[in-house]
Amino acid sequence: MTKKILILPGDGIGPEIVAEAVKLLDCLRADFGLAVETETALVGGAAYDDCGLPLPESTLDLAKSADAVLLGAVGGPKWEPLEIALRPEKGLLGLRAGLGLFANLRPAILYPQLAEASTLKPEVVAGLDIMIVRELTGGIYFGQPRGVETLASGERRGINTLVYTESEIERICRVAFDTAMRRNRRLCSVDKANVLECTELWREVAIRVGRDYPEVELSHMYVDNAAMQLVRAPKQFDVMVTTNMFGDILSDAAAMLTGSIGMLPSASLNAENQGMYEPIHGSAPDIAGQGVANPLATILSVAMMLRYSLSAPEHADRIEQAVSKVLNQGLRTGDIAAPGTTAVGTAAMGDAVLEAIRA
Ligand code: NAD
Ligand code: IPM
Ligand code: MN
């Protein structure tokens, strides 16, 4: 049966990198019999400019009825003056909440060809393959109360609330343990249980869920130490599971281990394995419109989509092998440039992946 994919280019470099992913889907459909149809809609600043809302009802409806969603990135300086509720980022958060995408899988894999592109010593990152499992629909991102209130004194007070129920912690931990079972069976739960009661509960629930997974070696680490260990000795980790905000921060740090944030894909899944797929980076306003952004994180997000939501792992393998081939050929966008390699722009990199797939 033909699967439906909703394409949400978004803002900044979003449309540029998503165009390369769409070319790839078209190629898989035309030349390799992938049964998908795509539809495109607005989200983020682009949607706000069109109708005054970062997540129009019509976009959310299309996302709900799609088998999978591919998103570029949202946000940019143009929309920063808007109130939080109207900001592009709210569109993304609305999609995550609206689709119930509580499990965010962020793999950080170092392609051997990029060992020199990492800012860390090659021996520290060689062979790196970790998976960060980030809770995505709870925590401080969504907790109530929130806002800015004016006190009797006239001074203003900003409020956000870190809150997790046991069932929210339990379901993300189960995803993480299941993920660890398919990998090297080591799971590190990252919290701040020495200070925050909410994450003390997180640790307690992680231990409880762990009783159902006796083959997985569960460890715990405070988030400040985890940030340090990720840079000191990242290969000690197999799977990490953590809260929404800690996961946001740690996954950007992990991205740099692989050479560039332009290399990291992600999958956001709900209980039915319906998913939204996006690079972990943002709209990169500093390079938007120049045709120089790295499209590989988005292209690798398509591979994750094929594997997790569209039951087409053979096509996913094809994409990942093509990316590796292109890196072997020495093609590099600016973010992963190294001496002796060939500089290419966004479209040329996308074309090279297509060629490698067809070869
Ligand atoms: P960013 O990830 O957009 O950019 C950080 C740095 O990485 C920049 O120097 C940028 O040029 C570079 N970079 C990012 N992606 C790249 C790519 N594919 N190729 C080459 N270089 C790349 O983070 P930021 O600057 O903090 O945020 C910019 C905007 O993006 C903000 O509005 C933010 O809210 C938004 N944002 C959106 C998402 C998302 O849509 N999922 C994620 C993060 C940030
Ligand atoms: C990400 C982004 C988002 C987040 C923002 C844009 C809402 O940083 O996808 O990592 O914080 O989750
Ligand atoms: Mn982020």
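The exercises below, each with a worked solution, concern a predicted model. Local features are reported only at pLDDT of at least 70 and side-chain atom pairs count only at pLDDT 80 or more, whereas totals for chains, interfaces and linings use all residues. Residues are numbered from 1 along each chain as its sequence is written, and chains are lettered from A and ligands numbered from 1 in the order in which they are written.

**Exercise 1. Domains**

Task: Determine which domains the protein is assigned and describe the side of domain 1 that touches domain 2.

Solution. Start from the bounds, which come from an automatic or database domain assignment: domain 1 covers 1–107 + 261–359, and domain 2 covers 129–257. Next, take the C-alpha centres of domain 1 and domain 2, which lie 25 Å apart. Then consider contacts, where two residues are in contact if their C-beta atoms, placed from the backbone, lie within 7 Å; on this criterion 15 residues of domain 1 are in contact with 17 residues of domain 2. Within the side of domain 1 that touches domain 2, α4 and β4 (103–109) each supply at least two residues, and β4 gives the most, with 5 residues. Helices (H or I, at least four residues) and strands (E, at least two) are here DSSP runs, numbered from the N terminus. Finally, sort this side of domain 1 by class, counting Ala, Val, Leu, Ile, Met, Phe, Trp, Tyr, Cys and Pro as nonpolar, Asp, Glu, Lys and Arg as charged, and the others, Gly among them, as polar: there are 10 nonpolar, 3 polar and 2 charged residues.

**Exercise 2. Ligand shells and annotated positions**

Task: Describe the residues that surround ligand 2 and ligand 1, and place the aspartates that UniProt lists for "binding site".

Solution. A residue is taken as near a molecule if its C-beta atom, placed from the backbone, lies within 6 Å of it. Ligand 2 is then surrounded by Gly75, Glu89, Leu92, Leu93, Asp248, Ile280 and Gly282; helix α4 (residues 88–99) contributes the largest share of this shell, 3 residues, and by class the shell divides into 3 nonpolar, 2 polar and 2 charged residues. Around ligand 1 there are 22 residues, of which the closest are Gly75, Gly262, His281, Gly282 and Asn294, and the classes are 11 nonpolar, 7 polar and 4 charged.

Now turn to the record: an unreviewed UniProt entry lists Asp224, Asp248 and Asp252 for "binding site". They are spread over 29 residues of sequence but cluster in space, with a largest C-alpha distance of 14.4 Å. Such annotations may be inferred rather than shown by experiment. Aspartate 248 sits in helix α9 (residues 244–257), and aspartate 252 is also found in helix α9. For burial, a residue is buried if 20 or more other C-beta atoms lie within 10 Å of its own, exposed if 12 or fewer, and partly exposed in between, with C-beta atoms placed from the backbone. Aspartate 248 has 18 such neighbours and is therefore partly exposed, while aspartate 252, with 15, also counts as partly exposed.

**Exercise 3. The faces of helix α8**

Task: Find which residues of helix α8 are buried and what covers them.

Solution. In helix α8 (residues 223–232), the buried residues include Val223, Ala226 and Leu230. Seen down the axis of α8, the buried residues fall within an arc of 45°, so they line one face of the helix; the arc is that of the directions from the helix axis to the C-beta atoms. The face turned away from the buried side carries the exposed residues Asn225 and Arg232. Among the elements that cover the buried residues of α8 are β8 (186–191), β9 (217–222) and α9.

**Exercise 4. Backbone exceptions**

Task: Locate the cis peptide bond and the positive phi values at alanine 284 and serine 311.

Solution. As a reference, most residues other than glycine have a negative phi, and most peptide bonds are trans. A cis peptide bond joins glutamine 144 and proline 145, with omega about -5°, and proline 145 lies in the loop between β5 (129–135) and β6 (147–150). Alanine 284 has a positive phi near 40°; this alanine 284 is in the loop between β12 (275–277) and α10 (296–308) and is buried, because 24 other C-beta atoms lie within 10 Å. Serine 311 has a positive phi of about 45° and lies in the loop between α10 and α11 (313–328), where serine 311 counts as exposed because it has 11 C-beta neighbours inside 10 Å.
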